[in-house]
Amino acid sequence: MTEINETRLKELVDRVLDDLGGAVSVPLVRIGDALGLYRTLKEIGPVKVDELADASGCESRYVREWLAAQAASGYVTHERGLFSLTPEQAYVFAEPNSPVNLIGGFDTAAAMVENQPKVQSAFKTGRGVAWGDQAGCMFCAVARLFRPGYVNALVQDWLPALDGVVDKLKAGATVADVGCGHGLSTILMAHAFPNSRFIGYDFHADSIAAATAHARADGLTNVCFEIGRAQDFDGRNFDLITCFDCLHDMGDPKAAAAHIRKALKEGGTWMVVEPMAGDTLEENINPVGRLYYSASTLICVPTSLAQETGLALGAQAGEKRLTEVIRSGGFTHVRLAAQTPLNMVLEAT
């Protein structure tokens with residue numbers, strides 16, 4: 001019998017217990033968000049249990065247990081019978097526009113758990129799980145997950161990192177946002193550059209309907225949304241084409257790259273935002289890689305395999321592999337224009 005190293009065993013068990021604590025926190029965090037408990041605690045804390053229960057319209061016994069679990073997780077602060085959020089805790093759980101608001105991550109984790117039976121079956125068949133067939137509102141959760149990054153970086157950092165693009169947008173450019181999902185990225189750009197015209201394309205009809213509703217609610221007149229695939233969407237002569245966290249999900253990203261090259265004006269730019277990743281597994285054995293590999297197994301790879309070609313790049317494809325795919329479409333220059341802990345921004349011309 002192989003001898004057990006007790007020190008390594010304890011380290012592994014401790015890590016698994018910590019992971020299980022995080023996993024069972026997923027529904028509790030979502031309850032706290034849905035019922036406004038974090039928001040109310042930020043507004044009126046420090047408070048006693050009954051005070052938070054009354055202010056949020058919830059039953060005290062449930063709130064007491066919820067607060068205890070949150071305190072044990074380090075998500076809320078408990079001192080002398082009073083509960084509160086530190087500024088840092090509020091930044092993660094109660095500030096919708098914070099760059100590190102992670103509520104959308106908990107929504108995505110819940111959808112991933114619900115998605116398990118479909119993906120588990122696909123392990124045996126090798127078939128994919130189509131984006132629109134995935135469990136729950138996966139596309140709603142993913143849109144919420146990516147929103148804080150887009151709100152805090154897209155207009156402020158990513159677009160200015162591209163050569164001459166902001167000047168074109170200010171003057172009046174034509175832009176296609178391919179794989180736009182619920183249109184959060186498209187709408188942010190449309191707000192920032194009213195002289196430009198934006199068209200969002202996505203192959204998922206329900207996402208296009210949601211994006212159209214968002215744009216209408218915002219009163220925007222310089223943006224519209226259409227159903228279209230990355231490899232054959234309508235439209236030509238774009239100054240800028242963007243793809244946000246979707247190239248790796250496509251069944252045939254090489255065909256998409258070739259079509260996007262043809263759809264650009266001469267001198268146009270393709271901005272590709274993808275999950276941050278190194279080019280090797282060893283480079284991605286870290287907290288970010290762990291998150292993205294898990295999401296890739298349950299979301300990204302099944303989505304790609306459900307489409308034509310099914311290249312299945314995965315969420316941790318890395319800059320080198322992504323550059324190869326982009327160049328296959330006829331682009332001669334690809335560079336890393338910007339990056340965050342969660343994203344890389346590639347500029348292709």
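The following exercises, each with a worked solution, concern a predicted model of a protein chain.

**Exercise 1. Overall form**

Determine how the radius of gyration of the protein chain compares with the globule rule, and describe the chain as a whole.

Solution.
- Step 1. The secondary structure of the protein chain consists of 13 helices and nine strands.
- Step 2. The radius of gyration is 22 Å, and the globule rule gives 20 Å for 349 residues; the two values are close, so the chain is as compact as a globular protein of that length.
- Step 3. The C-alpha trace extends over about 65 × 60 × 35 Å along its principal axes.
- Step 4. Of the 349 residues, 46% are buried.
- Step 5. Taking contacts between residues at least 6 apart in sequence, 68% join residues at least 24 apart.
- Step 6. The exposed area of the chain is about 17300 Å², of which carbon and sulfur atoms supply 54%.

**Exercise 2. A nonpolar surface patch**

State which residues form the nonpolar patch on the surface, and classify Leu-17 as buried or exposed.

Solution.
- Step 1. The patch is formed by Ile-4, Leu-9, Leu-12, Val-13, Val-16, Leu-17 and Leu-20.
- Step 2. Together these residues have about 610 Å² of accessible area.
- Step 3. Leu-17, one of the patch residues, is located in helix H1, which covers residues 6-34.
- Step 4. The cut-off for an exposed residue is over 50% relative accessible area. Leu-17 has 53% and is therefore exposed.

**Exercise 3. Salt bridges within a helix and between loops**

Locate the salt-bridge partners Glu-65 and Arg-61, then do the same for Glu-308 and Arg-229.

Solution.
- Step 1. Side chains of opposite charge can pair when their charged atoms come close. The count for this model is 13 salt bridges.
- Step 2. Glu-65 and Arg-61 form a salt bridge with an N to O distance of 2.6 Å.
- Step 3. Both residues belong to helix H4 (residues 60-73); they are four residues apart, which means a separation of about one helical turn.
- Step 4. Glu-65 is partly exposed at 46% relative accessible area, and Arg-61 is partly exposed at 45%.
- Step 5. Between Glu-308 and Arg-229 the salt bridge has an N to O distance of 3.3 Å. This pair links distant parts of the chain, 79 residues apart: Glu-308 is in the loop between helix H12 (287-305) and helix H13 (319-328), and Arg-229 is in the loop between strand E5 (223-227) and strand E6 (238-244).
- Step 6. Glu-308 is exposed at 52%, whereas Arg-229 is partly exposed at 31%.

**Exercise 4. A further pair and a network**

Find the salt-bridge partner of Arg-261, and name the residues linked in a network of salt bridges.

Solution.
- Step 1. The partner of Arg-261 is Glu-266, with the closest N and O atoms 4.0 Å apart.
- Step 2. The cut-off for a salt bridge is within 4 Å.
- Step 3. Arg-261 is partly exposed at 26% relative accessible area, while Glu-266 is exposed at 72%.
- Step 4. The network links Arg-30, Asp-33, Asp-107 and Arg-144.

**Exercise 5. Aromatic pairs**

Give the geometry of the aromatic pair Tyr-150 and Trp-158, and decide whether each ring belongs to a buried or an exposed residue.

Solution.
- Step 1. The model contains eleven aromatic pairs.
- Step 2. In the pair Tyr-150 and Trp-158, the centres are 6.2 Å apart and the planes are at 75°. Planes over 60 degrees apart count as edge-to-face, and this pair is edge-to-face.
- Step 3. A residue is buried under 20% relative accessible area. Tyr-150, at 7%, is therefore buried, and so is Trp-158, at 1%.
- Step 4. Ring pairs also join Tyr-38, Trp-66, Tyr-75, Phe-93 and Phe-106 in a cluster.

**Exercise 6. Backbone exceptions**

Identify where the cis peptide bond lies, and place Asn-237 and Thr-309, which have positive phi values, in the chain.

Solution.
- Step 1. Most residues other than glycine have a negative phi, and most peptide bonds are trans.
- Step 2. The cis peptide bond joins Gly-45 and Pro-46, with omega about 0°. Pro-46 is in the loop between helix H2 (37-44) and helix H3 (49-56).
- Step 3. Asn-237 is not a glycine, yet its phi is positive, about 60°. Asn-237 is in the loop between E5 and E6.
- Step 4. Thr-309 also has a positive phi, near 75°. Thr-309 is in the loop between H12 and H13 and is exposed at 59% relative accessibility.

Key: Residues are numbered from 1 along each chain as its sequence is written. This is a predicted model: local features need pLDDT of at least 70, side-chain atom pairs count only at pLDDT 80 or more; totals for chains, interfaces and linings use all residues. Side-chain values use heavy atoms; hydrogens and water are left out. Patches are made of residues with over 30% relative accessible area and no salt bridge: like charges are joined within 9 Å, nonpolar side chains (Val, Leu, Ile, Met, Phe, Trp, Tyr) within 5 Å. Accessible areas come from the Shrake-Rupley method with a 1.4 Å probe; for residues, only the protein chains shown count as cover. A salt bridge is a side-chain nitrogen of Lys or Arg within 4 Å of a carboxyl oxygen of Asp or Glu. Helices (H or I, at least four residues) and strands (E, at least two) are DSSP runs, numbered from the N terminus. Buried means under 20% relative accessible area, exposed over 50%, partly exposed in between (1.4 Å probe, protein chains only). The radius of gyration is taken over C-alpha atoms; the globule rule is 2.2 Å times the number of residues to the power 0.38. Contact means heavy atoms within 4.5 Å. Rings of Phe, Tyr and Trp (its six-membered ring) pair if their centres lie within 6.5 Å; planes under 30 degrees apart count as stacked, over 60 as edge-to-face and the rest as tilted.
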